[in-house]
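Q: I'm new to this one and would like to learn how to read its features. Could we go through them together?

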Amino acid sequence: MTQESYEIVGADRPGRWIVTCDHATNIVPDWINGGDLGLPAADMNRHIAYDIGAEGVANGLAAALDSPMIATRFSRLVIDPNRGEQDPTLLMRLYDGTVIPANRAADSADLTQRLERLYRPYHAAVADLVSQRDNPVFCAIHSFTPQLKGRAPRPWEVAILYADDARLAAPLVQACRDAGWVTGDNQPYSGNLPGDSVDRHAHQHGIPNILIELRHDLIATPQDQALWAGRLAPILEQVLADTGL
């Protein structure tokens with residue numbers, strides 16, 4: 001099922017997992033500045049516009065878990081679905097040193113339109129998927145850049161992010177390290193972001209949850225995305241079984 005703001009794959013799969021990909025694409029709808037944020041193609045293909053490789057991993061992981069996957073169909077630079085509606089970074093005007101020309105003069109009417117046509121329909125669809133399961137488990141898939149401008153290189157291959165619900169996170173961090181991966185425990189940044197997707201759809205409702213970030217140079221090709229999906233699926237299933245959640 002594909003809508004303007006989201007795509008759902010495997011809605012009828014019976015698995016407990018809800019796999020999400022908030023930053024799946026770099027699409028700019030044509031009703032926003034003619035489908036152009038004023039950035040060169042090189043910037044729109046950078047991590048500032050979407051999570052490189054994340055959608056392929058999310059798709060493969062959901063299939064392996066026999067569970068649904070939902071992904072956005074708009075760039076995070078249009079409006080960021082992984083932020084609360086009151087978050088000042090919901091509509092970015094500057095990201096990793098790059099000015100976003102079409103956002104620089106965006107006003108409250110522009111923001112409202114993007115909320116109503118993109119952000120809110122996506123979150124309504126996520127909430128609906130969660131509500132369809134008696135005992136859901138929430139898994140958000142993201143990717144991170146190997147290095148931000150002017151910052152130190154990031155050594156982590158995988159990052160497990162969470163707020164104060166570590167029921168899945170703590171054993172998953174250990175399982176990833178046992179697999180031999182350089183694994184960040186709430187690094188390169190914390191998963192405690194009030195109002196983000198995991199908080200909104202899982203944490204606030206007591207639903208077991210996890211946010212997995214993969215360094216995007218490791219998942220740049222479809223083959224690598226399939227590889228990591230295949231690696232992660234059995235570990236997630238084992239951790240869930242071991243916790244008894």
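Q: What kind of contact do the side chains of Arg-73 and Glu-7 make?

A: The general idea first: side chains of opposite charge can pair when their charged atoms come close. We call it a salt bridge when a side-chain nitrogen of Lys or Arg is within 4 Å of a carboxyl oxygen of Asp or Glu. Here, Arg-73 and Glu-7 meet in just such a salt bridge, at 3.7 Å from N to O. Arg-73 sits in the loop between strand E3 (69-72) and E4, while Glu-7 is in strand E1 (residues 6-9), so this pair ties together parts that are 66 residues apart in sequence. Helices (H or I, at least four residues) and strands (E, at least two) are DSSP runs, numbered from the N terminus. Keep in mind that this is a predicted model: local features need pLDDT of at least 70, side-chain atom pairs count only at pLDDT 80 or more, and totals for chains, interfaces and linings use all residues. Residues are numbered from 1 along each chain as its sequence is written, and side-chain values use heavy atoms, with hydrogens and water left out.

Q: Which other residue forms a salt bridge with Arg-73?

A: That's Glu-55, with the closest N and O atoms 3.1 Å apart. Glu-55 belongs to helix H2 (residues 54-64), so its pairing with Arg-73 ties together parts 18 residues apart in sequence. Through shared partners, salt bridges join Glu-7, Glu-55 and Arg-73 into one network.

Q: Is Arg-73 buried or exposed?

A: Buried means under 20% relative accessible area, exposed over 50%, and partly exposed in between (1.4 Å probe, protein chains only). Arg-73 is buried, at 18%, and Glu-55 is buried too.

Q: How many salt bridges does the structure hold?

A: Nine. Among them is the one between Arg-46 and Asp-43, at 3.1 Å from N to O. Arg-46 counts as buried at 18% relative accessibility, and Asp-43 does at 15%.

Q: What about the largest pocket: which residues lie nearest its centre?

A: On a 1 Å grid over the protein atoms alone, a pocket is an open set of points where a 1.4 Å probe fits, with protein on both sides within 12 Å along at least five of seven lines; lining residues have an atom within 4 Å of a point. In this case 27 residues line the largest pocket, and Arg-76, Arg-83, Tyr-95, Tyr-189 and Glu-213 lie nearest its centre. Strand E6 (137-144) is one of the strands supplying at least two lining residues, and its three residues are the largest share.
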